[in-house]
Amino acid sequence: MKVLVATDKPFAAEAVSGIRNAVEKAGYELVLLEKYIEKQQLLDAVADADAAIIRSDIFDKEVLDAAKNMKIVVRAGAGFDNIDLDAATANNICVMNTPGQNANAVAELALGLAVYAVRNLYNGTSGTELMGKKLGIHAYGNVGRNVARVAKGFGMEVYAYDPFLSAEAIEKEGVKAVKSAEELYATCQFVSLHIPATAETKNSINYSLLSKMPKNALLINTARKEVINEAEIVKLMEERKDFKYVTDIMPGNNAEMAEKFASRYFSTPKKMGAQTAEANTNAGIAAANQIVDFIENGNEKFRVNKK
Ligand code: 3PG
């Protein structure tokens, strides 16, 4: 069995050795493709692989069609919008993610970005604090839950909206549940995004929603750039000088944003949320173990595509 680790953005070295141990312990072979430049390198690498561990690497129809021996692809992470699930199903390939494994890393970055924003991007001027402020968590999944835990440590008042969870499930964790996204944005000066990029959520963070936020609003995005309506956030920030936006996913209009809103907009140059040794190790080893358990025992617990 050949297990390909295909990561344009490589895992930490200790994560790779943990993955190697798990793969070799099962008697499989590990093949490493890191920082590839051409798509052809990926097409060549998948050709004879039985399994693959990837991150945000694009596994579209062309890649999945070229993966003639592939049985399983595990996205070491949460979001699987980089994989063509229908093409995987058509090729009889099981797709999984590793939910929760990198959640703490992303949550720590979300709060780190919030501090950076309220301290005026560390430019030496007087900023504000997080303590006592209302933080709205948009989607209360693994990352949202960790953001709530860290935010409580800062003394923030934490709210959440999640269309797939009952108010009871959210409130038992000491977080105030609201009934709609509109209510969350209208209530909270700070909003942290944790929604996946789906047909329903793309462009959904728009002018109408963001304009509901109270004075000195801050939007923190460690989710996906596709969920933001880029033209409308520009319009809003042009109108509202009190509105700040920090993101871990560089938008398509980064140059325009950086030029127009230099003191209240920041994007990391490359998505850094899950880029820690701990998150890489947790997600990478979980992915390797899921592959072994799938091949040996047919365990499909974390499957995300149809059969
Ligand atoms: C995820 O969906 O798990 C995060 O966005 C992390 O993505 P990455 O592995 O490409 O850093």
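The following dialogue asks how terms are applied to a predicted model.

Student: What should I know about the numbering and the values?

Tutor: Residues are numbered from 1 along each chain as its sequence is written, and side-chain values use heavy atoms, with hydrogens and water left out. In this predicted model, local features need pLDDT of at least 70 and side-chain atom pairs count only at pLDDT 80 or more, while totals for chains, interfaces and linings use all residues.

Student: What makes β2, β1, β3, β4 and β5 one open sheet?

Tutor: Strands are DSSP runs of E with at least two residues, helices are runs of H or I with at least four, and both are numbered from the N terminus. Two strands pair if DSSP finds at least two bridges between them. The five strands have the order β2-β1-β3-β4-β5, with parallel pairing. As one example, four bridges join β4 (residues 72–75) to β5, and the bridge partner of Val 73 in β5 is Val 95.

Student: Why are β2 and β5 said to stand at the edges?

Tutor: β2 (29–34) and β5 (94–97) each have a single partner strand, so one side of each is left without a neighbour in the sheet. From one strand to the next, the twist averages 20°; axes are lines fitted to C-alpha atoms, for helices over the stretch in contact, and angles run from 0 to 180 degrees between N-to-C directions.

Student: Which strands does helix α1 lie across?

Tutor: Helix α1 (residues 13–25) lies across β1 (2–7), β2 and β3, and runs at about 155° to β2. Contact here means heavy atoms within 4.5 Å.

Student: How do you know that β10 and β11 pair?

Tutor: Four bridges join β10 (residues 218–221) to β11 (residues 244–247), and the requirement is at least two. Leu 219 stands opposite Tyr 245 in β11. Helix α5 packs on this sheet, touching β9, β10, β11 and β12, and its direction makes about 145° with that of β10.

Student: What is the strand order of the open sheet of seven strands?

Tutor: The order is β8-β7-β6-β9-β10-β11-β12, with parallel pairing. Its edge strands are β8 (176–177) and β12 (265–267), each pairing on one side only.

Student: How do you know that the span of α6 agrees with its number of residues?

Tutor: The expected span is 1.5 Å times one less than the number of residues. For the 12 residues of α6 (residues 142–153) that gives 16 Å, and the end C-alpha atoms are 17 Å apart, which agrees.

Student: Which residues of α6 are buried, and what do they pack against?

Tutor: Buried means under 20% relative accessible area, exposed over 50%, and partly exposed in between, with a 1.4 Å probe and protein chains only. In α6 the buried residues are Val 143, Gly 144, Asn 146, Val 147, Ala 148, Val 150 and Ala 151. They pack against α5 (103–118), β6 (134–138), β7 (157–161) and β9 (190–193).

Student: Why is Tyr 122 called exposed, and why is Ala 139 called buried?

Tutor: Tyr 122, in the loop between α5 and β6, has a relative accessible area of 54%, so Tyr 122 is exposed. Ala 139, in the loop between β6 and α6, has 9% and is therefore buried.

Student: What is noted about phi in these two residues?

Tutor: Phi is near 55° in Tyr 122 and near 95° in Ala 139, a positive value in a residue other than glycine in each case. Most residues other than glycine have a negative phi.

Student: Why is Asn 97 called buried?

Tutor: Asn 97, in strand β5, has a relative accessible area of 9%, so Asn 97 counts as buried. Among the residues that Asn 97 touches are Val 74, Phe 80 and Gln 290.

Student: What makes the pair of Asn 97 and Ala 78 a polar contact?

Tutor: A polar contact is a pair of N or O atoms within 3.5 Å; within protein, one must be able to donate a hydrogen and the other to accept it, and residues adjacent in sequence count only if both atoms are side-chain atoms. A polar atom of the Asn 97 side chain lies 3.0 Å from the backbone oxygen of Ala 78.

Student: Which residues are around the ligand?

Tutor: A residue is near a molecule or strand if one of its heavy atoms lies within 4 Å of it. Those around the ligand include Lys 9, Arg 55, Ala 78, Arg 224 and Lys 271. An oxygen atom of the ligand is 2.6 Å from a backbone N or O atom of Ala 78. In side chains, an N or O atom of Arg 224 is 2.8 Å from a ligand oxygen, and one of Lys 271 is 2.7 Å from a ligand oxygen.

Definitions and conventions:
Lists of a residue's contacts leave out its neighbours within four places in sequence.
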